[in-house]
Amino acid sequence: MLEIEGLHVAVSGKEILKGLSLSIAAGEVHAIMGPNGSGKSTLSYVLAGREGYEIISGSIRYRGEDLAAMAPEERAAKGVFLAMQYPVEIPGVTTMNFLKTALNAQRRARGEKDIDALGVLRLVREKAKALHISEEMLKRALNVGFSGGEKKRLEILQMALFEPALAILDETDSGLDIDALKVVADGVNGLRSSERAMLVITHYQRLLNHIVPDRVHVLYGGRIIKEGGKELAHELEAKGYAEIIREAA
Amino acid sequence: MAALETREQVAALGEKYKYGFVTDIEMERAPKGLSEDTVRFISAKKGEPEWMLEWRLGAYRRWRQMREPTWARVHYDPIDYENAYYYAAPKSAADGPKSLDEIDPKLIETYNKLGIPLNEQMLLAGVAVDAVFDSVSVATTFKEKLSEAGVIFCPISEAIRDYPELVKKYLGSVVPVTDNFFATLNSAVFSDGSFVYVPKGVRCPMELSTYFRINAQGTGQFERTLIIADEGSYVSYLEGCTAPKRDENQLHAAVVELVALEGAEIKYSTVQNWYPGDEEGKGGIYNFVTKRGDCRGARSKISWTQVETGSAITWKYPSCLLRGDDSVGEFYSIAIANHFQQADTGTKMHHLGKNTRSRIISKGISAGQAQNTYRGLVSVHPRAANARNYTQCDSLLIGGKCGAHTVPYIESRNKSARIEHEATTSKIAEDQLFYCLQRGIPQEEAVALIVNGFCREVLQQLPMEFAVEAQKLVGISLEGSVG
Ligand SMILES: Nc1ncnc2c1ncn2[C@@H]1O[C@H](COP(=O)(O)OP(=O)(O)OP(=O)(O)O)[C@@H](O)[C@H]1O
Ligand SMILES: [Mg+2]
């Protein structure tokens, strides 16, 4: 599904990712852990195609295609979804309208027909219910005045709505209370399938108790310095980054 | 959602300005240039009574002594008033169509292209339409239903013939003949426009609407609208405007006068989409318009809503004279300027009565190399105890070459007045755009979505059936502004 090789990325002329390699097969869930500033969000933005994230060298292949050559909206239409660490507010645009616009834009890019307002409403309602997102929230402007947890739940709602092939979750667990964490994890687990791959970025073992990963990678200084199975997350929790980094050096 | 439809529509038409077609209809014109004879010609064409001709001639003589205003932040080459036509009418309309069937099918076709359903669609929507093609009103629908309610809605030329007392009493009573250069010019040469009278206690049973279109080459358009809401009545009125694409600049100098008597309410909405000129700033309409409402009676209310997306230059300040005690004035505005468009627009709220209130919400969007100025005056007369004003002026910049300017004037001569002014200037944030792109929304659609969100408070003021059209326009007029 996703193969990253020797990826070097610079932001404002500063190299952040320094030879990162990673590959995820369909059906797998991978976790990335790493200290603050190690380059996790940078990786997620590069995958989504954000402007200003310059690929110096290396390659990213997504379902056999060169991902870097695609415009961000094209990636979205082809199934790349990024649940952002800091979801953005758009004043005056109701959440419902945003969801409808996005869903139909993706469909149109794939040559599919638009779904009408009522159809989208039905779809969204059904998914929102499972995530405990109220009707009232859907009528409000996108993310404006939403609590941290509400914003994160809305990201997961979008993931459920768009049914992406590759979902990247950047610290979706931070800011969630224990119950919300469970709700979000259930939402993610509900989407696990043999055709879908997920990349879960997190600081906490806690999330990985709910979303059990196939592989865990430790990102430090713009490189993967260690990887292993789900037990690596426990090891990290016990030892802390400093020791893992020392061991890897 | 609206933005999506827009893009499709535009793609289907293969051009940016979908109203830019020219209808090939034979025109009857006044001789070129402006003189007493031109004024007499127009008056005669309209079969006007002597008093009306005298009124026009008075305006004409006055205008000859006036100078074009220069205080607005707009720049253009001098207008040659002698090198334009002041009257152009479709020849087939010369005998005056009595019903829709009698109208030149080409005109109907034009209206269909414009998306003005002068037919069943409109019936369903329950909108009464007065369509002004160049200078002549060609069709007024719904006359009967309106006359049952006692509402008069007709071309102003007809009102001059049929309701001279009303016209004499109110014409020029809000915007005096001598008001300003463009209003005075209009008074001399106006050729048509709409007239509305809503009698005491009547709630007008439907939205009233006028569509203006400049079609003929080298003509100016000078329509004149007069709306009178008698005591305790209510009316909502909408005007839309389009013009063909032409390399030359065409002058549009309209005057709108509103009178609200005691307890009456007038809601006046404009969706202005005159041809804005091309990407290099060539051509486009000079939109120099005087609009003023007079809250003449106590507890009356006048509300202006405007969506200004077209015109090369917009010079327009719909205002309220809050004369009656407890009267209310509102101004909701969206002004979009892209490429080389220049907009200098805003409002004036004159608080004259006690406990008068006004509210101003202005959303200015600048893109390309456009200049967009909000110019607003809030004045409180010594007699206007407890006057209240709230002004909110938001500017949005797209790209780095455009300009947004806010020029608020406040003149308060009563200590009990409370005036609040808020202003913001912002850009479409990169993270907002990225968020939309990541969710699959292409750039231009994302811009349209974000800008529509920015304008929401104003769009909400429009009658439902026009709000959708306005949202689409926002998308169209900003095309090519990013990337
Ligand atoms: N525009 C920028 N200019 C310069 N440095 C930047 C820029 N954006 C990010 N960086 C730097 O890149 C590094 C990696 O940032 P990134 O956001 O990817 O870290 P992260 O692993 O997601 O951290 P966290 O756990 O705190 O979310 C940081 O040192 C950050 O300061
Ligand atoms: Mg991060």
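**Chain B and a magnesium site in chain A**

The accessible surface of chain B adds up to about 17700 Å², and carbon and sulfur atoms account for 48% of that area. All of this comes from a predicted model. Chain B runs to 483 residues, and 63% of them are buried. Its secondary structure consists of 13 helices and 23 strands. Contacts in this chain often span a good stretch of sequence: taking those between residues at least 6 apart, 85% join residues at least 24 apart.

Now for a single residue, B:V167. This valine sits in helix α8 of chain B, which covers residues 164-170. B:V167 counts as buried because its relative accessibility is 0%, and the cut-off is under 20%. So what does B:V167 touch, leaving aside its neighbours within four places in sequence? The contacts of B:V167 are then B:W51, B:A159, B:I160 and B:F195. As for B:I410, 243 residues away from B:V167 along the chain, the two C-alpha atoms are separated by 34 Å.

Over in chain A, the magnesium ion (ligand 2) has two protein donors, A:S41 through OG and A:Q85 through OE1, which lie 2.0 to 2.2 Å from the ion. These donors come from distant parts of the chain, 44 residues apart. A:S41 belongs to helix α1 (residues 40-48), while A:Q85 is found in the loop between β6 (80-83) and β7 (90-94). Are these donors buried or exposed? A:S41 is buried, at 18% relative accessibility. A:Q85 is buried too, with a relative accessible area of 13%.

Technical notes: Residues numbered from 1 in each chain as written. Chains lettered and ligands numbered in written order. Predicted model: local features only at pLDDT ≥ 70, side-chain atom pairs only at ≥ 80, totals over all residues. Heavy atoms only, no water. Donors = N, O, S within 2.8 Å, 3.2 Å for Na, K, Ca; no water. Helix = DSSP H or I, 4+ residues; strand = E, 2+ residues; numbered from the N terminus. Buried < 20%, exposed > 50% of the residue type's maximum accessible area, 1.4 Å probe, protein only. Contact = heavy atoms within 4.5 Å. Areas by Shrake-Rupley, 256 points an atom, 1.4 Å probe, with all protein chains shown as cover.
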